[in-house]
Amino acid sequence: MSKENQKPTHRDVVPSVINFLSDELFEGDYKEQPMYLQEIFELLMHTEFGDDINLRQKILSCLRTSRNLAETLSPFSEKQIQKACVSNRKLSE
C-alpha cells in the first residue's frame with residue numbers, strides 16, 4: 001500500500017509536528033509571534049467586531065497557544081531547533 005493511502009497513526013504525530021515547526025522557522029521569527037498576535041488582537045478588540053465574546057475567547061486561546069510554543073522553544077537557539085528539525089525530518093522520510 002502506498003504511503004498516501006495509509007491511515008495516520010499516533011506515531012505520525014511527532015514527525016508532523018517537527019515538519020510544522022521546521023516550516024514555521026523558515027517563515028520568520030516565531031518567538032515574536034505572540035507579541036504580533038497580541039498587538040493585532042488588541043487593535044481588533046477596539047472595533048465593533050471585537051465586541052464578541054466568542055471571538056474574544058478564540059483570540060485568548062490563540063495567544064495562549066502561541067505563547068506556550070514560544071516559551072517551550074525559548075531555551076533553545078534557532079540554530080539548535082533548526083538542526084533538530086532537519087535531522088528528525090530526515091528520519092521521518
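This is a guided tour of a predicted model, with suggestions for what to select at each stop.

**The whole chain**

Begin with the full chain shown as a cartoon. The protein has four helices and zero strands, and from the N terminus on its elements run α-α-α-α. The protein has 93 residues, and buried residues make up 16% of them. Switch to a surface display: the protein exposes about 7,700 Å², and carbon and sulfur atoms supply 56% of that area. Contacts can be sorted by how far apart the partners are in sequence. Among contacts between residues at least 6 apart, 77% join residues at least 24 apart.

**Helix H1 and a surface patch**

Select residues 13-25, which form helix H1. Which residues make a nonpolar surface patch of about 250 Å²? They are Val13, Val14 and Val17. Of these, valine 13 lies in H1. Valine 13 counts as partly exposed because its relative accessible area is 47%, between the 20% and 50% limits.

**The core**

Hide the surface and select Ile18, Leu21, Tyr30, Leu73, Ile81 and Cys85. These six residues make up the largest nonpolar core. Which elements give two or more residues to this core? They are H1 and helix H4, the latter covering 78-92. In soluble globular proteins, nonpolar side chains tend to be buried together.

**Helix H2 and the loop after it**

Now select residues 33-45, which form helix H2. Isoleucine 40 lies in this helix. Is isoleucine 40 buried or exposed? Isoleucine 40 counts as exposed because its relative accessibility is 52%, and the exposed class begins over 50%. For a distance to try in the viewer, pick the C-alpha atoms of isoleucine 40 and isoleucine 59: the separation is 9.9 Å, with the two residues 19 apart along the chain.

Move on to threonine 47, in the loop between H2 and H3. Threonine 47 has 34% relative accessibility, so it counts as partly exposed. Show its side chain together with the backbone of leucine 44. A polar atom of the threonine 47 side chain lies 2.6 Å from the backbone oxygen of leucine 44.

**Helix H3: three residues**

Select residues 53-73, which form helix H3. Threonine 65, serine 66 and asparagine 68 can be viewed one after another.

- Threonine 65 is placed in H3. With a relative accessibility of 53%, threonine 65 counts as exposed. Its C-alpha atom is 8.6 Å from that of proline 34, and the two residues are 31 apart along the chain.
- Serine 66 also lies in H3. Why is serine 66 buried? Its relative accessible area is 13%, and buried means under 20%. Leaving aside neighbours within four places in sequence, serine 66 is in contact with Gln33, Pro34 and Leu37.
- Asparagine 68 is found in H3 as well. Its relative accessibility is 42%, so asparagine 68 counts as partly exposed. The C-alpha atoms of asparagine 68 and proline 34 are separated by 9.0 Å, and these residues are 34 apart along the chain.

**A last view**

To finish, keep proline 34 on screen with the three H3 residues. Proline 34 is one of the contacts of serine 66. For threonine 65, the C-alpha separation from proline 34 is 8.6 Å; for asparagine 68, the C-alpha separation from proline 34 is 9.0 Å.

Conventions: Residues numbered from 1 in each chain as written. Predicted model: local features only at pLDDT ≥ 70, side-chain atom pairs only at ≥ 80, totals over all residues. Heavy atoms only, no water. Buried < 20%, exposed > 50% of the residue type's maximum accessible area, 1.4 Å probe, protein only. Contact = heavy atoms within 4.5 Å. Areas by Shrake-Rupley, 256 points an atom, 1.4 Å probe, with all protein chains shown as cover. Patch = residues over 30% accessible without salt bridge, like charges linked within 9 Å, V, L, I, M, F, W, Y side chains within 5 Å. Salt bridge = Lys/Arg side-chain N within 4 Å of Asp/Glu carboxyl O. Core = buried A, V, L, I, M, F, W, Y, C linked by side-chain atoms within 4.5 Å. Polar contact = N/O pair within 3.5 Å; in protein donor to acceptor, adjacent residues only side chain to side chain.
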